[in-house]
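Colleague: Before I rely on the labels attached to this model, I would like to hear how each of them was reached. Could we go through them one at a time?

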Amino acid sequence: AITTAQVVVMLLTHPKALDKVREELRRSTTPTSSASGRREMKADDLVGGMPYLELCVHEALRLTQHSIGSMRKVRCREGFRLVTSEGRALRIPQGYYVGAAHALIGRAGFFENAGRFDPEAHFRTNRAGKVVPKTSAERAKNSHVPFSGGVHACPGSTVAIILIKALVASWLQLTGDSCAIQQPVPDLDYERATIAQRKGPCLLTFRLAA
């Protein structure tokens, strides 16, 4: 729910991206006989379709970072070796814990203009239809981990993305061009009990389609 809300906020504050999503939604759905002019959305439209909306979902996840970070214990006897961004080599002994802040992973050093909402600049869809970061090959694997990775990777991540796309697309269909957000939008606040909330309410005005 929080991710869906953040995607809507990001789109409403970036009109060009919102126009692209609306056009993609129009192309990906079929007209119905309803007098309201609503268009039908099929499962295939969400599973394999609407790639730009999926880029927007990942960009919102990158910017809002819905998990504070990761903590892992070094279990191998020889320890764990890592190299910092300054090129300094470190050895972490067995039994130590390593913490990583996802907000730093999603921004610092991995993406150009990292603080800007720009889905096509930061992500691409590969040949397999999977959204991947536009970073160098050695960094791509760990530069975007909203659902964690390795053995700890969320098994429901694919379903979650599809559900978010469905909710955002449905919201845009229900509100049409009527939805607007009051400016300025409150900043993110990581000190609240629920992750990736805003410092204050985001006030929307809209009219539901008949």
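Colleague: Why is glutamine 6 called buried?

Modeller: This is a predicted model, and in it glutamine 6 has a relative accessible area of 4%; because buried means under 20%, glutamine 6 counts as buried. Glutamine 6 is found in helix 1, residues 2-12, and its C-alpha lies 7.7 Å from that of threonine 64, although the two are 58 residues apart in sequence.

Colleague: What makes helix 1 mostly covered?

Modeller: Of the 11 residues in helix 1, 9 are buried, and they are Thr3, Thr4, Gln6, Val7, Val8, Val9, Met10, Leu11 and Leu12. For the protein chain as a whole, buried residues make up 33% of the 210 residues.

Colleague: Why is helix 1 called roughly perpendicular to helix 4?

Modeller: The axes of helix 1 and helix 4 come within 9 Å and cross at roughly 100°. Angles of 65 to 115 degrees count as roughly perpendicular, and helix 1 is therefore given that label with respect to helix 4. On the side of helix 1 the contact is made by Thr3, Gln6, Val7, Met10 and Leu11, and on the side of helix 4 by Cys56, Val57, Ala60, Leu61, Leu63 and Thr64. The residues of this contact of helix 1 with helix 4 divide into 8 nonpolar, 3 polar and no charged.

Colleague: Why, then, are helix 2 and helix 4 called oblique to each other?

Modeller: Helix 2, residues 15-28, and helix 4, residues 51-64, have axes that come within 8 Å and cross at roughly 140°. Roughly perpendicular covers 65 to 115 degrees and roughly antiparallel begins over 145, and a crossing at roughly 140° falls in neither range, so helix 2 and helix 4 are oblique. Ala17, Lys20, Val21 and Glu24 of helix 2 make the contact with Pro51, Tyr52, Leu53 and Cys56 of helix 4. By class, the residues of the contact of helix 2 with helix 4 are 6 nonpolar, no polar and 2 charged.

Colleague: What label does the angle between helix 4 and helix 8 lead to?

Modeller: Helix 4 and helix 8 pack at about 110°, with their axes 10 Å apart. That angle makes helix 4 roughly perpendicular to helix 8, because the range for this label is 65 to 115 degrees. From helix 4, Leu53, Glu54, Val57, His58 and Leu61 meet Ile161, Ile164, Lys165, Val168 and Ala169 in helix 8. The residues of the contact of helix 4 with helix 8 comprise 7 nonpolar, 1 polar and 2 charged.

Colleague: Which residues have the most contacts inside the largest nonpolar core?

Modeller: That core has 32 residues, and those with the most contacts inside it are Val7, Leu11, Val21, Leu53, Val57 and Val168. Helix 1, helix 2, helix 4 and helix 8, the last spanning 157-175, each supply at least two residues of this core, and its largest share, 8 residues, comes from helix 4. Valine 21 touches Leu11, Met50, Tyr52, Leu53, Cys56 and Leu172, not counting residues up to four places away in sequence.

Colleague: How do you know that methionine 50 is buried, and what is to be said of its phi?

Modeller: The relative accessible area of methionine 50 is 1%, and since the limit for buried is under 20%, methionine 50 is buried. Methionine 50 is found in the loop between helix 3 (43-47) and helix 4, and its phi is near 50°, a positive value in a residue other than glycine.

Colleague: Why does threonine 175 count as buried?

Modeller: Threonine 175 has 3% relative accessibility, and because the cut-off is under 20%, threonine 175 counts as buried. Threonine 175 lies in helix 8 and, not counting residues up to four places away in sequence, touches Phe206, Arg207 and Leu208.

Colleague: What is the omega of the peptide bond from glutamine 183 to proline 184?

Modeller: Omega is near -5° and the bond is cis. Proline 184 is found in the loop between strand 9 (180-181) and strand 10 (188-189).

Note on methods
Residues numbered from 1 in each chain as written. Predicted model: local features only at pLDDT ≥ 70, side-chain atom pairs only at ≥ 80, totals over all residues. Heavy atoms only, no water. Axes fitted to C-alpha atoms, helices over the stretch in contact; angles between N-to-C directions. Helix = DSSP H or I, 4+ residues; strand = E, 2+ residues; numbered from the N terminus. Parallel < 35°, antiparallel > 145°, perpendicular 65-115°, else oblique. Contact = heavy atoms within 4.5 Å. Nonpolar A, V, L, I, M, F, W, Y, C, P; charged D, E, K, R; others polar. Buried < 20%, exposed > 50% of the residue type's maximum accessible area, 1.4 Å probe, protein only. Core = buried A, V, L, I, M, F, W, Y, C linked by side-chain atoms within 4.5 Å.
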